[in-house]
Amino acid sequence: SSVLVQTPPGARFLYSIAIMADILRKELQAAFGSEALTPAIAKEMLCKLGLKEDCAAMMVQEACPGSSMTVPEFVNYFFQGVGGMDKAKLASLAASLPVSRDLTNTDETMQVLAIASDILASNMSIEECKKLTFGSETEKPAPPVLVSAVAAAESKLLLRNSPPHHMVCVFAMYGEKNRIRTKAEHQNGQDFLCTKVKQLEWLFAGEKDKTWEIVAVDDGCPDNSKDLAQQAVEKNKLKNVTILDLRNAYKEKIPFFVERGLDEACKKSRKGGAILYGLHYASCSKPHFPTGKPRLVMYTDSDLSTDMALCGLLSDGILTKGKCMAMGARYGSEGTFLVKPPDCGAAPHPQSHYEQPNMMKIVLRHYVRVRLLPMLQGIYDTQCAFKCFRAEDIEAIIHDVKSMGADFDMELLLCALLHYQKGGAEQAKLCQVAPTLFTEDFAESNFMASAGDPDKPYKTFAAMCTALVEMHERYVDPASPEAEAQKGLAEFCRNMTWETYKKMHDKLNERGPTLFDHPFTLDELKAAAA
């Protein structure tokens, strides 16, 4: 892969060996299944990999003198350290890996993929690996690199078993002058565009009937994220990457965006406009693959907080499990993990929820949300930027989405569920929610408090509450029992200022750790806000 040119040597080796081992394993298993490989066939395969004949003969003689090998034994032997995994090695890795994650460390990110390839090469089941790494009531989870590797291995296994398809991966860029660079170029550099490509290359390696592409959308960024992304594409000769600019939606007078008041500088968009533009493009653009192959479109964030190697979970949810859509979850359920660098490891549920920096804010949002928008009942992380749809459904789904701000994710999910419900989908088939590991990125977050505006999180979540009222009035029949029952809550939230929200939040936050479904009363909220 051309991506390897700009990859540090250590990560380059791990990445290329992991890819090679997985492709070789897949080819051999397709040809021989569970049959044994004779020394002659093993020697022939090594010669095809570039070994000289005498060297290959010597290695085969050492590995299987006068006998035969199974496919896993063959790959594990010739890719020792990359091609095998057992309980002892898992334990050894857990003891040697860093306690937290560093999203700016490319070697560490590539190590996740190499370990995942190890797991796939072994005879260990994913469930067994989870039991050994995900923790329990008495055991802490393994380091996040190892937890991520187990999840990536599961994702690749699920993708391997899914039918042919093409996946378009969309993300927005705003103020990405630092994270798009390498660590050597900036202390917060994640080299996220190249890294996302590597993660997808690894995931889809050996899957000739399954393809992918990236669509990155500049959200009217004043720091020229678009140009920086284009430079990264050209410098690293990245393939399957398209760079878009939301400002073109204004220039082209696309009706959808004109109706939502998009201005020339895109000031009304806070990620939502860029994602909608990317979804629109992905659903309407000419496909880069033979027509007839299912096309999935997912969107994520620009940083590396959620690993793109997990996209197999989304493909599995829609194409194998038969759900209308699929999404990830960062918290709120078993199997989710939250990592807060530089000192904290993988915190499981409910600890991950309690350690969420905006714990009470998301609890209050959930309280308002499930009452004003009851169709979202049961989905705790509606804001998770890891959602996937069939391309042919997207235009109908986004048709009624009005928001381009912080509440965009929630409204998009709401419109998707309503679309599928109107189409006759059963409740159980609406959405597959896959738990993920999420690494906080405090240094470059566009939503965290800053020295310039320490109240930014309060303003963001207060605006979400107001937006929830607006969505309630648009999507819930005012004559329905649900609307009648929540009149008081809707009125309370309708014109709430961020100052009032902050007062209410801080008072309720004094009660300490609080789960999503805590039964607050409206009177309790009013008293806290008074």
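**Group meeting talk: a walk through a predicted model**

Let me begin with a single residue, Asp191, which counts as buried because its relative accessible area is 8%, where buried means under 20% relative accessible area, exposed means over 50%, and partly exposed lies in between, with a 1.4 Å probe and protein chains only. Before going on, I should say that this is a predicted model, in which local features need pLDDT of at least 70 and side-chain atom pairs count only at pLDDT 80 or more, while totals for chains, interfaces and linings use all residues. Residues are numbered from 1 along each chain as its sequence is written, and side-chain values use heavy atoms, with hydrogens and water left out.

Asp191 sits in the loop between strand E1 (165-173) and helix H9 (192-204); helices (H or I, at least four residues) and strands (E, at least two) are DSSP runs, numbered from the N terminus. Its phi is near 50°, a positive value in a residue other than glycine. What is the nearest side chain of opposite charge to Asp191? That is Lys198, 4.6 Å away, and Asp191, although buried, has no salt bridge. Here Lys and Arg count as positive and Asp and Glu as negative, with His and the chain ends not counted, and a salt bridge is a side-chain nitrogen of Lys or Arg within 4 Å of a carboxyl oxygen of Asp or Glu. If we set aside residues up to four places away in sequence, Asp191 touches Arg179, Ile180, Arg181 and Thr182, a contact being heavy atoms within 4.5 Å.

Asn240 also has a positive phi in a residue other than glycine, near 65°. Asn240 lies in the loop between helix H10 (225-236) and strand E3 (241-245), and this residue is partly exposed, because its relative accessible area is 39%.

Now let us step back to the chain as a whole. The protein chain has 23 helices and 10 strands, and buried residues make up 55% of its 530 residues. Among contacts between residues at least 6 apart in sequence, 76% join residues at least 24 apart. The largest nonpolar core has 151 residues, and those with the most contacts inside it are Leu193, Phe257 and Met504; such a core is a set of buried Ala, Val, Leu, Ile, Met, Phe, Trp, Tyr and Cys residues joined through side-chain atoms within 4.5 Å. Leaving aside neighbours within four places in sequence, the contacts of Met504 include Leu364, Phe492 and Met496.

Strand E1 deserves a closer look, since nine of its nine residues are buried. His165, Met167, Cys169, Phe171 and Met173 point one way from E1, while His166, Val168, Val170 and Ala172 point the other way. E1 pairs with strand E2 (residues 210-218) in the parallel sense over nine bridges, and two strands pair if DSSP finds at least two bridges between them. Val168 stands opposite Glu213 in E2, and Glu213 is itself buried, with a relative accessible area of 7%.

Next come the charged pairs. Side chains of opposite charge can pair when their charged atoms come close. How many salt bridges does a search of the whole structure find? The search finds 27. One joins the side chains of Glu108 and Arg101 (2.8 Å, N to O), and in this pair Glu108 is buried at 7% relative accessibility and Arg101 is buried at 9%. Another joins Asp455 and Lys502 (2.9 Å, N to O). Asp455 lies in the loop between strand E10 (437-439) and helix H19 (456-475) and Lys502 lies in helix H22 (residues 498-509), so this pair ties together parts that are 47 residues apart in sequence. There is also a network of salt bridges that links Glu176, Arg179, Asp303 and Asp441.

By contrast, zero disulfides are found in a search of the whole structure, a disulfide being a pair of cysteine sulfur atoms within 2.5 Å. As for individual cysteines, Cys129 is buried at 0% relative accessibility, whereas Cys344 is partly exposed at 31%.

Finally, two peptide bonds. The bond joining Pro341 and Pro342 is cis, with omega about 5°, and Pro342 is in the loop between strand E6 (337-339) and strand E7 (346-348). The bond from His349 to Pro350 is cis, with omega near 5°, and Pro350 is in the loop between E7 and helix H15 (351-354).
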